[in-house]
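Hi,

Here is the structure I promised to pass on. Have a look at it first, and then read my notes underneath.

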Amino acid sequence: DPRWEAVLDAWATRVMSEMGRTAEGGFEHHVSDKNNDDELWDDTLFMVALFLASYGETSGRRELVDEASLQFLVHSRYLADTTTGLWFHGWTFDGRHNFARARWARGNAWITAGILDLLDLADIVKPVRDFLLGVLKAQVDALLPLQAPSGAWRTLLDDPTSYEEISATAGIGYGLLKGSRLGLGTPAWREAGLRALDAVMANVDRHGTVLNVSYGTRMGHDLQFYRDIPIQPTGYGQALAILCLSEALQHVEAEGNAA
């Protein structure tokens, strides 16, 4: 919509010229009251890189698409756990470590959804595309066995004592269903995505409020920090549920057409 072009263009330019960067050119993760200097967080890819990819593709500003690709590559290098395939919440170049080494569910959801959205929103060059698909498939291979009987994932994915968390479940479910629809995953992706959908729907009250969503989560220095994040309705809980439900409609419609 040309009405928004000037605002979007100015914001993209500001990100490119002013946003703090770590070593190797990664975007630092800034929150409302703090610049997290020298830190990479999962969240940044979904919040910033996807915008650059989408607006860059639409506006013809190829440098924005290339920047989004770079951000996914740099973050993958430091946040993807090569042992499990899951992603750590964050990395700091100050001391060079992954903080609590938390395999935090919503952070992983930003990645499951974000890689697929990146490849859908913009023309990503084949070597980067192939690399990110490999990262995604390794992550999903690790996620599927960790899905709870309810269809949800826990806020610390590999910690059975942590609570089931619905915003992450919605984001992962969205990614699994979308990946299945695009022909990128196995039938197990769709099956797990539909189970996640059931968990999301079971946690939407009669007013449309998505329940059992963990509140905003800063970087934790121990795993107990994540277990103690309070549960309350949030905007991103609503938004991730909308993504999951909207993607699920395409599967229901496809089944209806096939019938």
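Below is what turned up, beginning with the ground rules and then going through salt bridges, a helix pair and a few single residues.

This is a predicted model, so local features need pLDDT of at least 70 and side-chain atom pairs count only at pLDDT 80 or more, while totals for chains, interfaces and linings use all residues. Residues are numbered from 1 along each chain as its sequence is written, and side-chain values use heavy atoms, with hydrogens and water left out.

**Salt bridges**

Searching the whole structure gives 17 salt bridges (a side-chain nitrogen of Lys or Arg within 4 Å of a carboxyl oxygen of Asp or Glu). As general background, side chains of opposite charge can pair when their charged atoms come close.

Take E165 and R106, whose side chains form a salt bridge at 3.5 Å, N to O. This one links distant parts of the chain: E165 sits in strand β6 (residues 164–165) and R106 in helix α4 (residues 105–121), 59 residues apart. Helices (H or I, at least four residues) and strands (E, at least two) are DSSP runs, numbered from the N terminus. E165 is buried, at 1% relative accessible area, and R106 is buried too, at 3%. For these labels, buried means under 20% relative accessible area, exposed over 50%, and partly exposed in between (1.4 Å probe, protein chains only).

Helix α4 also has a part in the salt bridge between K178 and D120, which is 3.0 Å from N to O. K178 belongs to helix α6 (residues 166–181) and D120 to helix α4, so the pair ties together parts that are 58 residues apart in sequence. K178 is buried at 5% relative accessibility, whereas D120 is partly exposed at 47%.

Then there is R61 with E63, where the closest N and O atoms of the salt bridge are 2.8 Å apart. R61 counts as buried at 18% relative accessibility, and E63 as partly exposed at 38%. Which residues are linked with R61 in a network of salt bridges? They are D9 and E63.

**Helices α3 and α5**

In general, two packed helices are described by the angle between their axes and the distance between the axes. Here the axes of α3 (residues 62–79) and α5 (residues 126–143) come within 11 Å and cross at roughly 40 degrees. That makes α3 oblique to α5. The axes are lines fitted to C-alpha atoms, for helices over the stretch in contact, with angles running from 0 to 180 degrees between N-to-C directions; under 35 degrees counts as roughly parallel, over 145 as roughly antiparallel, 65 to 115 as roughly perpendicular and the rest as oblique.

On the α3 side the contact is made by S69, F72, L73 and S76, and on the α5 side by V128, F131, L132 and V135 (contact means heavy atoms within 4.5 Å). Those residues split into 6 nonpolar, 2 polar and no charged. In that count, Ala, Val, Leu, Ile, Met, Phe, Trp, Tyr, Cys and Pro are nonpolar, Asp, Glu, Lys and Arg are charged, and the others, Gly among them, are polar.

**Single residues**

T155 lies in the loop between β5 and β6 and is buried, with a relative accessible area of 1%. Setting aside neighbours within four places in sequence, T155 is in contact with R103, W104, A105, S162, Y163, E165, S214 and Y226.

S150 is in the loop between α5 and β5 (153–154) and is partly exposed at 37%. With the same kind of neighbours left out, within four places in sequence, S150 touches E164, R195 and A199. Its C-alpha is 8.0 Å from that of A196, 46 residues apart in sequence.

R190, in helix α7 (residues 187–201), is partly exposed at 24% relative accessibility. Beyond four places in sequence, R190 is in contact with L177, S180, H251 and E255.

Finally, the backbone. Most residues other than glycine have a negative phi. R96 is not a glycine, yet has a positive phi of about 55 degrees; R96 is in the loop between β4 (90–92) and α4. N212, also not a glycine, has a positive phi of about 55 degrees, and lies in the loop between α7 and α8 (223–227).

Cheers
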